[in-house]
Amino acid sequence: MKKYEIMYIVNANVDDAAFDALEKRLYAPITENGGSIDKIDNWGLREFAYEIDHMKKGHYVVVNVTANNAGIEEFERLTRINPNVIRTMVIKTEDEE
């Protein structure tokens, strides 16, 4: 298991119930493959530095996870096919040893 920091941006037009369902759907592959969600930092609605797909705002979320490759690959696949996720970035962080 490795530690990752994931940042993703969700369309600003998504309501709260749909946003919660989206989060559960995205985090499921990580926990189902033996990983854990260590910290969720919800930045809220922010304005973009530049327009993305005719949108000017998005909902930013930063998540620290411990996961294996299968969980991260499935998370990335789900974010690519979901039209409400605008951008995603996954970074492997250093272990604190």
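## Strand pairing

Two strands count as paired here if DSSP finds at least two bridges between them. With that in hand, let's look at this predicted model, starting with strand 3. Strand 1 (residues 2–11) runs antiparallel to strand 3, and the two share 10 bridges. One spot to look at is Met-7, whose bridge partner in strand 3 is Val-62.

Strand 3 also pairs with strand 2 (residues 36–52), again in the antiparallel sense, this time over 11 bridges. Here Asn-42 sits opposite Val-61 of strand 3. Strands 2 and 3 make a hairpin with 2 residues between them, and Asp-53 in that turn has a positive phi of about 50°. Strand 3 itself (residues 55–67) is mostly covered, with 10 of its 13 residues buried.

## Aromatic pairs

There are 3 aromatic pairs in the structure. Take Tyr-8 and Phe-75: their ring centres are 6.2 Å apart and their planes meet at 65°, so this pair is edge-to-face. Planes have to be over 60 degrees apart to earn that label. Because Tyr-8 belongs to strand 1 and Phe-75 to helix 2 (residues 69–81), the pair ties together parts that lie 67 residues apart in sequence. Both Tyr-8 and Phe-75 are buried.

Trp-43 and Tyr-60 also pair up, but stacked, at 6.1 Å centre to centre with 15° between the planes. This one links strand 2, home of Trp-43, to strand 3, home of Tyr-60, with the two positions 17 residues apart in numbering. How covered are these two? Trp-43 counts as partly exposed, at 36% relative accessibility, while Tyr-60 is buried, with a relative accessible area of 13%. Add Phe-48 to Trp-43 and Tyr-60 and you have one aromatic cluster.

## Helix 2 and its two sides

Helix 2 is 13 residues long and spans 19 Å from first C-alpha to last, close to the 18 Å expected at 1.5 Å a residue. Its buried residues are Gly-71, Ile-72, Phe-75, Leu-78 and Thr-79. These cover an arc of only 125° around the axis, so they fall on the same side of helix 2.

What lies over that buried side? The cover includes strand 1, helix 1 (16–32), strand 3 and strand 4 (85–92). Flip to the face turned away from the buried side and you'll find the exposed residues Glu-73, Arg-80 and Ile-81.

Conventions
Residues numbered from 1 in each chain as written. Predicted model: local features only at pLDDT ≥ 70, side-chain atom pairs only at ≥ 80, totals over all residues. Heavy atoms only, no water. Buried < 20%, exposed > 50% of the residue type's maximum accessible area, 1.4 Å probe, protein only. Helix = DSSP H or I, 4+ residues; strand = E, 2+ residues; numbered from the N terminus. Phe/Tyr/Trp six-rings, centres within 6.5 Å; stacked < 30°, edge-to-face > 60°. Expected span 1.5 Å × (residues − 1). Arc of directions from axis to C-beta. Contact = heavy atoms within 4.5 Å.
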